[in-house]
Each structure stands twice: as structure tokens, then as C-alpha cells.
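Let's walk through a structure together, one feature at a time. How do you read a fold and its charged contacts from coordinates?

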Amino acid sequence: MKDSFGREIRYLRISVTQRCNLHCAYCGAAAPAEEELSPDTLALLAAGFAREGIRKIRLTGGEPLVRTDIAEIAAKIKYAAAPDILGITTNGLLLAQKATALRAAGVDAVNVSLDSLDASCYRKLTGRDALSPVLDGIETALSLGFDRVRINAVLIRGVNETGAEKLIGLAKAYPLDVRFIELMPFSDAGEDPRLRIPSAEILSMFPFLCPTGETDGTAVYYTAHGFRGKIGLISPITKKFCGSCDRVRLLSDGRVKPCLGQPETYELLPFINDPEALREAIRNAILRKPAGHRFEDPNTHSHALNRIGG
């Protein structure tokens, strides 16, 4: 389905929980207790979006793997919505334990949020001394043959930017992509533009990176001689890609949020038992997707990332 600006909306990100087992510096406020949607409800909603043209679905949080039923959620969404790609974004702490079940449930792609390979810096950024299980999770995911494994990293000036070279080294040593995402204004750190490291600065730090000509809607990809994977740069602040945005978000409370950087959300749960009403509610939400974010205005991004799902 196309929104009112002619963009084909094909990508749905589903936040299955606000809970998280880390407290990352750029994520925002801690989440309150909540009643989480059941696997059946999530599958019904995903199927409703699929009928409107959604072909790619990603499960997010909070931290989706804290849900003991995450493999059931994945399997039911895969069956009900039949997406071309079913992905999951995780901090990786529980990935080694759950990767086999996720693969069996039909998950095709895994993104792991990892901002530093230095144990001390990782602890400073996340509040936990837990780097080792994350690395185990990445190795497990690679061994299971997921279609795609990616590392997502946010650099914060004065905190972890000196570790960018080691992160880039993962793409040289392993068949995975490392993507650097510009710091966004969802926390005190994100509200300070002096802490943001633009994608152009990363390129200037590593001039050996060469463009591949490949994009995936948000990331622009680079590589270098001898690399088994790629480096992606995602620039929501310095190079807005809103004109080609193809995604909407389902929050963990069942509301749809058409734009990450705008506050509006729309109810879906009242229509869950009426397929035609649900279809109309989804279509209306997509049609209300704004032209673009306004991260420069603090009043337009009222939700913390643990609720939105990034």
C-alpha cells in the first residue's frame, strides 16, 4: 500500500515488549511494567498488515528475547503473515540460548546491537558486564546459517568512537555487516548534538572504505579489500532518508506509529476481531504517515526507544 506521499509501505517493525535486560545510554527512560500482547494477537495484527502489502517484518523491543515465548511469536507471525523476510533485533545477551529455536521458527535475519568490543566501555554504555555472552550469541547465529547477521552500533563522541576500528574489523573477519547508526535524540546523550558522530566523519576516519553501490532503504554500504562483510552507514540526522521510508511501527501496546520521529500513534486493538475494521484502521494509519521526522523538535519524539523498537 502507498501512503499519501506515494511511498510504498512494505516494512513493519513490531515491538513485542518494553522490557530490557540492559540500560543503554542512548535508549531513554526505563520502561514501566506492561501487559504484553499475546502471540496470537501479534500474529493477527501482523496478518492485517500483510494484507495491506507488508512484506518484511522485524521483531524488536525493548529486548525481544526476554519474552519466553519469542520463538512462538516468530512462528505464528511467519505462518499468519508469510513475510518475505522475518528478522529480529536483539542486544544478544540471550541469543546463544535462543538462536536455534528462532531459526526453527522461521526467523531469517538477526541484527545485534553492539556498540563496543571493549568490556569496560561496553559496561559503561549498557550498565552490565555482559560482552562475552553477546559475542557468543553472534558466533551462534553465524553458525546456524541465518540469511543475514548484522551488527548495529551507535557511536558517542568521547565514549566509544575509538573502538570503531575494532567493530569494522568484524566485517573483515566474519560474513556479517557492521552498521553505524547516528545518535538520535531519545535520551540526554542524544539531545546533545556535540556527542553525535556524523556518518561523513566515520568515512573520513576510515578512507579505505569504498562504496558498494548498495542500499537497503536506510543504510549505504561500503567494503574494503579482504572483507567478508560490509560496513553500513545510517544517517537519519545528517542525511534524512524520509523520502524513501517504507516502514511503520507497531508498538508493544498495540498502537501503530507511522514515523519514528513524530509523536502520533493510532489504535488497532479495538478492531482486532473485525477484519474489515482492522484493515481500515491500518490503512488510515499508513495514510497518515508524515512526510518526514522532525528530530530537531524535542516535542515530536515523545517515546523512548525501548517502547518504539528503534
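The dialogue below goes from the overall chain to single salt bridges.

Q: Where do I start, and how many helices and strands does the chain have?
A: Start with the origin of the coordinates: this is a predicted model. Then take stock of the secondary structure, which here comes to nine helices and eleven strands. The radius of gyration is 18 Å, close to the 19 Å from the globule rule for 310 residues, so the chain is as compact as a globular protein of that length. Along the principal axes, the C-alpha trace spans about 55 × 40 × 40 Å.

Q: What share of the residues counts as buried?
A: Burial is read from relative accessible area, with under 20% as the cut-off. By that reading, 55% of the 310 residues are buried. The chain exposes about 13000 Å², and carbon and sulfur atoms supply 52% of that area.

Q: What do contacts say about sequence separation?
A: Take the contacts between residues at least 6 apart in sequence; 72% of them join residues at least 24 apart.

Q: How many positive and negative side chains are there, and how many salt bridges?
A: There are 39 positive and 37 negative side chains, and the centres of the two sets lie 3 Å apart. For pairs, the test is a side-chain nitrogen of Lys or Arg within 4 Å of a carboxyl oxygen of Asp or Glu. The count comes to 19 salt bridges.

Q: Which parts does the bridge between Glu 52 and Arg 279 tie together?
A: Look at the distance, then at where each partner sits. The closest N and O atoms of Glu 52 and Arg 279 are 2.8 Å apart. Glu 52 lies in the loop between H1 and S2, and Arg 279 in helix H8 (residues 275-287), so the bridge ties together parts 227 residues apart in sequence. Glu 52 is buried at 4% relative accessible area, while Arg 279 is partly exposed at 38%.

Q: Is Arg 67, the partner of Glu 36, buried or exposed?
A: Arg 67 is buried, at 4% relative accessibility. Its salt bridge with Glu 36 has an N to O distance of 3.7 Å. The two residues are 31 apart, with Glu 36 in the loop between S1 and H1 and Arg 67 in the loop between S2 and H2. Glu 36 is partly exposed, at 23%.

Q: Which residues are linked in a network of salt bridges?
A: The network links Arg 150, Asp 177, Arg 179, Glu 214, Asp 216 and Lys 230. Within it, Asp 177 and Lys 230 meet at 3.5 Å, N to O. Asp 177 is buried at 7%, and Lys 230 is partly exposed at 21%.

Key:
Residues are numbered from 1 along each chain as its sequence is written. This is a predicted model: local features need pLDDT of at least 70, side-chain atom pairs count only at pLDDT 80 or more; totals for chains, interfaces and linings use all residues. Side-chain values use heavy atoms; hydrogens and water are left out. Helices (H or I, at least four residues) and strands (E, at least two) are DSSP runs, numbered from the N terminus. Buried means under 20% relative accessible area, exposed over 50%, partly exposed in between (1.4 Å probe, protein chains only). The radius of gyration is taken over C-alpha atoms; the globule rule is 2.2 Å times the number of residues to the power 0.38. Contact means heavy atoms within 4.5 Å. Accessible areas come from the Shrake-Rupley method with a 1.4 Å probe; for residues, only the protein chains shown count as cover. Lys and Arg count as positive and Asp and Glu as negative; His and the chain ends are not counted. The place of a charge is taken as NZ of Lys, CZ of Arg, CG of Asp or CD of Glu.
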